[in-house]
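Welcome to a short set of exercises. Keep the sequence and the 3D view open, try each task yourself, and then follow the worked solution.

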Amino acid sequence: MATKTVKELAKDSNITTDVLLKQLKDAGLPTRGEDDSVSTDEQATLVAFLKQSHGQAQKTRIGMTQKTTTTKKITTTTGKAQNINVVRAKKKQFDIQKPDLSAEKAKAQAEREAEQAKAIAALEAKQNEERAKQEAAKRQEATLAAMRANSGGANGGESKPSASVVVKKAKKDEADKDDSVVSSSVVKKGTVAKSDVKSDKKETKTDKAKKQPAKPAKSETEEERQARLAREAEEQKLREIEAENRRRAAIDAQNRTLEQMKQMANRYSEKDEVPSAVVRKDEPLAAGLVGAALEESFEKERREIKRGTSSTSSRAKGGKKKGKEELEIRPKSRGLKSSQASKHKFEMPVEKIIHNVEVGEGIVVSDLAQKMAVKVREVIKSLMKMGEMVREGDIIDQTTAALVIEEFGHNFIAVSDTQLEDDLQEAATEKQGNVQTRPPVVTIMGHVDHGKTSLLDKIRETKVASGEAGGITQHIGAYHVGTDRGVITFLDTPGHAAFTAMRSRGAQATDIVVIVVAADDGVMPQTEEAIDHARAAGTPIIIAMNKMDKDTTDPERVLNELSVKEIITDAWGGDTSLVKVSAKTGMGIDELLETISIQAEIMELTAPVDGAAQGVVIESRLDKGRGAVASLLVKKGTLKQGDLVLAGEFYGKVRAMTDENGERIKSAGPSIPVEILGLPDAPMAGSEFLVVSDEKKAREVADFRIARERERLLERQNKMRLENMFANMGSEAKTLNLILKTDVRGSLEALLSALDELSTDEVKVRVISSGVGAITESDVILAESSEAVLLGFNVRADNAGKRKADEAGLDIRYYSVIYGLIDDVKAAMSGMLAPEHREKILGIAEVREVFRSSKFGAAAGCMVQEGAIYRNKPIRVLRDDKVIFTGQLQSLRRYKDDVNEVKAGMECGLAVKGYEVAAGDKIEVFEIHEVARTL
Ligand SMILES: Nc1nc2c(ncn2[C@@H]2O[C@H](COP(=O)(O)OP(=O)(O)OP(=O)(O)O)[C@@H](O)[C@H]2O)c(=O)[nH]1
């Protein structure tokens, strides 16, 4: 209410000045003119007077408020769903019966009352408007204060209403006036402490009381009125002081908070420190609204990070929304939540850790990165700076690794690759003594159906089964027989696959190779392969000419063919023993065994008998009932039941031990095969085994072997690339091993003589195996074990060969021009294998059917088996894995459409320009691209 002139007041009240002047007079206020002013106090007195004198008349209508409360679910700006109570208040007016007055009196009275009611209503409306303004301002102030003043009650806030209550109060007042109000009682669990609630309630009541204007008593004298006014003025002043104090406190709190936030921000940006969890412990803001606001900002940020929106822009938005959100903020502890939220934003401080990086003779680049805890690409980058172009899976040597480790600031520690094993070996060997002659270990190899199995069975039958009548023989991968000249052990998995598999793992289990050649069939491809394998291993060969009982034998032819393979037998005055046998009749078996024994004697095979056993794993498998079953061949010492065995990558105690007849045995000496139970898993055939005393050591070595095995495989794959052959050759005798397969004998001979001429004093070219036909699995195995490069001239690897080469990571090089092959070998010999043009096979399609059409001639219906067939790339036609035509496609179709490309798994029709393909042929699409020489 402001001071107004009589005129203004009359206008505001919608009455004439005369009426107002009369009312003022009636109210006992001094007489005045139209332009004289009416003070606020006078206005209040006038209102009180009018109310008092016309109170009865006012009561002819009474107002009642009807309230309905409903709960609404809303989503706040922070994205939380919350329930709020919505209170709808409806005011209704009811008429009450008027007192019975005479008509005249009533009319006059009614007129007067109407005028006065009008004036009162106008004045009240004005007062309400002003009060509403004041309260809105107050509310705003209170809200601001509430948000910041409660920063842990640092400013002596204990007697002040808590933030929520302030907010509540403001809202409550509003609710009292508004017709429809959303109450502030946001439904939340466990928010305000009980004591707070109590004091808040009290406070709210007092506040309310204070706010209501004191009603003048009916018989208030002038003196009393003055006193009341003075009291009211005093109260008003106090309220203002209180509000001012609150405002100041709020500003102080806000400043403090800003300061703390600044400090925190500085700390994080400097050190990446862990935030709130630590700050909260010793700073008061954790419990307060500011803490909650801060936490809310973290939460918001976290959500935005999830959503991928910009944090800066959203922070700005958040600032704007703050005012609204205050209604939902309660002073509750959210320490845990906050610390969780902060985890998303901040990370633990990471101090650089210096690693001790142990490196053996070489290390795989990715392993090195892992040991230093850095990204592989960082290591590759650093190596590139040193001029080393490497890939993730490449192996670098110890010196290079040392440089990289130092560059990354870690400690390089050189270790011997075999240190751990050497220690174990040394410990085992120390106890070994009593060196004695040991039985020879023999492998039987030869061409398919030449009688390997029959021979092994016959030997076993005559020498074992007869002696151990009733014994159930079982296949454990080896058996031993007793002869007059001593024991002989046979590895009873015939064929070179097993032999080579062992050798490729570095285990030289076989002392002597018996090559079986059927006297009626002669030297066949696998006989040649067997010879190659034995030679590559440097193992003495004995020829068993089998099936001598047959009429169709032709020993001379066999001897002749053997000589072509440079096997000159003793029958022809050579140094290779030959024994004529019959696996069917048993003829020559004893002589064969005797020859083996003599050979063994010449070799002077000895081994220590006492002490911890060492040897090789011949076979292993997982048995459903018994677990891992491993066949071991003891090479040194004696294996006993209960020994702790480390075999390949596994170790365990020997629970049970049996011989090849299924008999339980307690110990096994050199060259004796046994089957053991007790390992946790099946070790690879060809792995070495060792008896150890220390389980800890066994575990260490097992771990080391796993890592080394991986390295070995990668190393071998690298080594066996033709590009790397030169670098990998030893410094003294450099030999380039090759395995050559060609389409026809003519090209084989031409290539062999051309390759023969390439040998120089420094570098020898050695074709360890060659032949006509596809590259087979056996070729790949041989290449793997003898570190040879596989070369195919107009031939390809068959499926098994391809699979094996992929497994072993071997590179097979295909050629179709003799000079191309010779040039590559020459380049490899000089270490100058320059970037070259190499073929890449893009796709293979198999011809299923050939159709004839008058328009296109012969068209082949094909199925694309690998990659894709391209219309415009060069092609080859393969028949039985041999190249029979090279050229290009005339057409490529999918149904009736000409297409440029057909992918694997799809059918297509094609025609080859200038060549008629047949069903079963393969169409190979290739391209020639330049390959940079890699290390
Ligand atoms: N007449 C005669 N037949 C024999 C002799 N040795 C083996 N055979 C027969 O030749 C065939 C092949 O014998 P295997 O022992 O299975 O030959 P393998 O070399 O082990 O054959 P793969 O296991 O397929 O490599 C069988 O039918 C045998 O009976 C022999 O000395 N004389």
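**Exercise 1: The whole protein**

How much area does the protein expose, and what share of it do carbon and sulfur atoms supply?

*Solution.* Please keep in mind that this is a predicted model.
- Step 1. The exposed area of the protein is about 49400 Å², and carbon and sulfur atoms supply 50% of it.
- Step 2. Turn to the inside: of the 935 residues in the protein, 44% are buried.
- Step 3. Count the elements, and you arrive at 27 helices and 39 strands.
- Step 4. Take the contacts between residues at least 6 apart in sequence; 71% of them join residues at least 24 apart.

**Exercise 2: Around the ligand**

Find how many residues surround the ligand, and which are the closest.

*Solution.*
- Step 1. The ligand is surrounded by 15 residues, the closest being Lys452, Thr453, Ser454, Asp549 and Ala583.
- Step 2. Ask which element gives the largest share of this shell: helix H17 (residues 452-465) does, with three residues.
- Step 3. Now look at the oxygen atoms of the ligand. A polar side-chain atom of Ser454 lies 2.5 Å from an oxygen atom of the ligand. For Thr453, an N or O atom in the side chain is 2.6 Å from a ligand oxygen atom. His450 takes part through its backbone, with an N or O atom 3.3 Å from an oxygen atom of the ligand.
- Step 4. Finish with the cover: on its own the ligand has 640 Å² of accessible area, and the protein covers 67% of that.

**Exercise 3: A covered strand**

Work out how many residues of strand E11 (residues 441-446) are buried, and then identify partners of this strand.

*Solution.*
- Step 1. Six of the six residues in E11 are buried, and the strand is mostly covered.
- Step 2. Check each face. Val441, Thr443 and Met445 lie on one side, Val442, Ile444 and Gly446 on the other, and all are buried.
- Step 3. Follow the pairing with strand E13 (residues 486-491), which is parallel and has three bridges. Here Val441 has Thr489 as its bridge partner.
- Step 4. Do likewise for strand E14 (residues 512-518): this pairing with E11 is parallel over five bridges. Thr443 has Val513 as its bridge partner in E14.

**Exercise 4: Two open sheets**

Trace the strand order in the sheet of seven strands and in the sheet of four strands, and explain what is special about the edges.

*Solution.*
- Step 1. The seven-strand sheet is open, with antiparallel pairing and the order E22-E21-E26-E18-E19-E25-E23.
- Step 2. Its edges are strand E22 (650-653) and strand E23 (656-658); each has a single partner strand, so one side of each has no neighbour in the sheet. From one strand to the next, the twist averages 35 degrees.
- Step 3. Zoom in on strand E21 (residues 644-647) and strand E26 (residues 688-692), which run antiparallel and are joined by four bridges. Leu646 stands opposite Leu690 in E26.
- Step 4. The four-strand sheet is also open, with parallel pairing and the order E28-E27-E29-E30.
- Step 5. Strand E28 (763-772) and strand E30 (812-815) are at its edges, and as each has a single partner strand, one side of each is left without a neighbour in the sheet. Direction ignored, neighbouring strands here are turned by 25 degrees against each other on average.
- Step 6. Within this sheet, five bridges join strand E27 (residues 734-742) to strand E29 (residues 789-793), and the two run parallel. Lys741 has Gly792 in E29 as its bridge partner.

**Exercise 5: Buried or exposed?**

Decide whether Glu42 is buried or exposed, then do the same for Glu604 and Asn794.

*Solution.*
- Step 1. Use the cut-offs: buried means under 20% relative accessible area, and exposed means over 50%.
- Step 2. Glu42 sits in helix H3 (residues 40-53). Its relative accessible area is 16%, so Glu42 is buried. A polar atom of its side chain lies 2.8 Å from the backbone nitrogen of Ser39.
- Step 3. Glu604 lies in the loop between helix H21 (589-603) and strand E17 (606-608). With a relative accessible area of 63%, Glu604 is exposed. Its phi is near 50 degrees, a positive value in a residue other than glycine.
- Step 4. Asn794 belongs to the loop between E29 and helix H26 (799-808). Asn794 has a relative accessible area of 12%, so this residue is buried. Phi of Asn794 is positive too, near 55 degrees.

Key: Residues numbered from 1 in each chain as written. Predicted model: local features only at pLDDT ≥ 70, side-chain atom pairs only at ≥ 80, totals over all residues. Heavy atoms only, no water. Pairing = 2+ DSSP bridges. Axes fitted to C-alpha atoms, helices over the stretch in contact; angles between N-to-C directions. Buried < 20%, exposed > 50% of the residue type's maximum accessible area, 1.4 Å probe, protein only. Contact = heavy atoms within 4.5 Å. Areas by Shrake-Rupley, 256 points an atom, 1.4 Å probe, with all protein chains shown as cover. Near = heavy atom within 4 Å. Polar contact = N/O pair within 3.5 Å; in protein donor to acceptor, adjacent residues only side chain to side chain.
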